[in-house]
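Please take me through this structure in the viewer, one selection at a time, and tell me what is to be found at each stop.

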Amino acid sequence: MRTTVPIGWISFCQAQPNECVAGQKSEEFAKVDEDRWTELQQINQLVNHEIQGVGDDDHYGIYKLGIMNWWTYPDDGMGNCNDYVLLKRKLLIEAGWPRSALLLTVVLDKHNEGHLVLMARTNDGDLVLDNLTDAVKTWSGTGYTYIKRQSADDPNAWLRLEPGRTPEELAMISKALANHLH
């Protein structure tokens with residue numbers, strides 16, 4: 001079930017080590033009431049509207065530096081999907097959302113291109129925040145193919161999401177395996 005960690009996450013952690021500390025497990029699911037639902041939608045829309053979309057190479061000229069993917073906070077008001085996700089995660093954590101319920105998730109979008117979204121694990125199911133839409137959707141409502149996401153137990157461990165299995169099923173399998181190994 002474990003898989004490779006995206007290179008962008010590794011470089012982000014080198015630059016922002018306090019964001020990548022393992023062992024900060026909090027609640028596995030965020031409890032969502034009407035206020036939390038509104039907060040989730042507002043943060044998704046705020047970041048989508050405040051950040052100007054631009055590719056890493058156009059923004060930073062990373063290819064000539066031998067870097068294939070660069071994840072960072074969009075402090076200059078520009079970024080790509082990775083940067084939108086990191087800012088949404090940061091703002092939700094600052095608003096009191098449990099860190100381990102906010103998982104970076106690699107998907108294939110509707111054009112079969114790699115894309116990063118934020119999956120909020122809630123008592124109402126897994127919800128997706130995406131820079132391509134202001135609507136917060138259920139994972140199954142996105143039309144995406146899910147590839148891998150962070151583990152709730154360790155942000156530096158990534159789990160492969162198998163076709164035909166829901167994120168909830170994979171979480172249960174992962175938890176069962178972890179309990180069996182310990």
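**Starting at helix α4**

Begin by selecting the buried residues of α4, which are C81, N82, D83, Y84, V85, L86, L87, K88, R89, L92 and I93. The model is a predicted one, and in it this helix is mostly covered, with eleven of its 14 residues buried. C81, at the start of that selection, has a relative accessibility of 15% and therefore counts as buried, the cut-off being under 20%.

Now widen the selection to the whole of α4, residues 81-94, and take the distance from the first C-alpha to the last: the helix reaches 20 Å, close to the 20 Å expected at 1.5 Å a residue. Moving past the end of the helix, stop at G96, which follows α4 and has a positive phi, near 100°.

**The whole chain**

Zoom out before going on to the strands. The protein contains five helices and nine strands, and from the N terminus on these elements run β-α-α-β-α-β-α-β-β-β-β-β-β-α. If you colour the 182 residues by burial, the buried ones make up 45%. The accessible surface comes to about 9400 Å², and 52% of it belongs to carbon and sulfur atoms. Of the contacts between residues at least 6 apart in sequence, 62% join residues that are at least 24 apart.

**The sheet**

Next, show the strands β1, β9, β8, β4, β5, β6 and β7, which in that order form an open sheet of seven strands with antiparallel pairing. At its edges are β1 (2-3) and β7 (133-138), each of which pairs on one side only.

Within the sheet, select β4, residues 102-108, a mostly covered strand in which six of the seven residues are buried. On one side, β4 runs antiparallel to β5 (residues 114-122), and seven bridges join the two strands; to see one such pairing, pick L102, which stands opposite A120 in β5. The same two strands form a hairpin with five residues between them, and in the turn you can select N112, whose phi is positive at about 65°.

β4 also pairs with β8 (residues 145-150), in the antiparallel sense and over four bridges. Here the residue to pick is V107, whose bridge partner in β8 is Y146. Continue from β8 to β9 (residues 158-160), to which it is joined by three bridges, again with the strands antiparallel; R149 has L159 in β9 as its bridge partner.

**A helix across the sheet**

Which strands does helix α2 lie across? Select α2, residues 34-50, together with β5, β6 (125-130) and β7, and you will see that the helix lies across these three strands, running at about 140° to β7.

**The disulfide**

For the last stop, show the cysteine side chains and look for the one disulfide that the structure holds. It is formed by C13 and C20, whose sulfur atoms are 2.1 Å apart. Is this disulfide left-handed or right-handed? The torsion about the S-S bond of C13 and C20 is about -90°, so the disulfide is left-handed. Are its two cysteines buried or exposed? C13 has a relative accessible area of 14% and is buried, and C20, with a relative accessible area of 7%, is buried as well.

Methods:
Residues numbered from 1 in each chain as written. Predicted model: local features only at pLDDT ≥ 70, side-chain atom pairs only at ≥ 80, totals over all residues. Heavy atoms only, no water. Buried < 20%, exposed > 50% of the residue type's maximum accessible area, 1.4 Å probe, protein only. Pairing = 2+ DSSP bridges. Expected span 1.5 Å × (residues − 1). Contact = heavy atoms within 4.5 Å. Axes fitted to C-alpha atoms, helices over the stretch in contact; angles between N-to-C directions. Areas by Shrake-Rupley, 256 points an atom, 1.4 Å probe, with all protein chains shown as cover. Disulfide = S-S within 2.5 Å.
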